[in-house]
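Q: Please take a close look at a single part of this protein and set it in the context of the surrounding fold. A connected, formal account would be preferred.

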Amino acid sequence: SHGPGPALSQGLRMGCQGSTVERAVEFEVKEAAPCGFRQDFILDRKLGRGSFGTCYSARAASGGQLVAVKVVDLRPAGERGGRLHAAVEAEAAILRRLPKSPFVVEFHSHYVSDGLAYMVMEKCPFD
């Protein structure tokens with residue numbers, strides 16, 4: 001499993017270990033340059049789009065592991081942008097805390113750069 005991306009602030013990593021998801025979303029994500037996601041993964045094809053983001057298949061740059069990546073645009077201005085950012089952080093915190101199970105998609109890592117969040121997860125064998 002790939003560890004958390006360098007784009008996560010230390011505070012977020014500490015917050016995700018706390019007892020509540022609400023605590024995790026108090027911390028801001030610091031954007032990193034260059035983006036570790038672009039160094040670590042190569043996006044392939046679009047798998048689908050939802051109201052929250054777009055999913056792609058991707059491969060790890062080293063080793064070629066096939067993964068699914070949800071890309072969420074965090075750039076909307078104003079109150080909507082703040083709520084979207086908090087929702088992404090809450091989802092990442094929840095996914096990180098889930099125990100491994102054959103019935104739940106495994107969460108690998110999370111990156112933020114240039115106003116985009118990349119959530120790297122296990123790719124299911126069907127698409």
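A: Lys123 lies in the segment that follows β5, the strand formed by residues 116-122. The model considered here is a predicted one. In this model, Lys123 has a relative accessible area of 16%. Because the limit for a buried residue is under 20%, Lys123 counts as buried.

The surroundings of this lysine can be described by its contacts. With residues up to four places away in sequence left aside, Lys123 touches Leu47, Ser57, Leu66, Val67 and Ala68. Leu47 falls within the range of strand β1, residues 41-49, and Ser57 within that of strand β2, residues 54-60. Leu66, Val67 and Ala68 belong to the stretch assigned to strand β3, residues 66-73.

These strands are themselves paired. Strands β1 and β2 run antiparallel and are joined by 6 bridges; in one of the pairings, Leu43 has Ala58 of β2 as its bridge partner. The connection from β1 to β2 is a hairpin of 4 residues. Strand β2 is also joined to β3, again in antiparallel fashion and through 6 bridges. Here Thr54 stands opposite Val71 of β3. The hairpin between β2 and β3 has 5 residues between the strands, and Gly63 in its turn adopts a positive phi of about 100°.

Within the chain as a whole, the protein contains 4 helices and 5 strands. Their order from the N terminus is α-α-α-β-β-β-α-β-β. Among the contacts with a separation of 6 or more, 52% are between residues 24 or more positions apart. Of the 127 residues, 40% count as buried, and Lys123 is one of the buried residues. The accessible surface of the protein comes to about 7400 Å², with 54% of that area belonging to carbon and sulfur atoms.

Another basic side chain may be set beside this lysine. Arg96 is located in helix α4, which spans residues 78-97. Its relative accessibility is 27%, so Arg96 is classed as partly exposed, whereas Lys123 is classed as buried. Arg96 and Phe107 are separated by 11 residues in sequence, and their C-alpha atoms are 6.3 Å apart in space.

To return to the part in question, Lys123 is a buried residue in the segment after β5, and its contacts include Leu47, Ser57 and Leu66.

Notes:
Residues numbered from 1 in each chain as written. Predicted model: local features only at pLDDT ≥ 70, side-chain atom pairs only at ≥ 80, totals over all residues. Heavy atoms only, no water. Helix = DSSP H or I, 4+ residues; strand = E, 2+ residues; numbered from the N terminus. Buried < 20%, exposed > 50% of the residue type's maximum accessible area, 1.4 Å probe, protein only. Contact = heavy atoms within 4.5 Å. Areas by Shrake-Rupley, 256 points an atom, 1.4 Å probe, with all protein chains shown as cover. Pairing = 2+ DSSP bridges.
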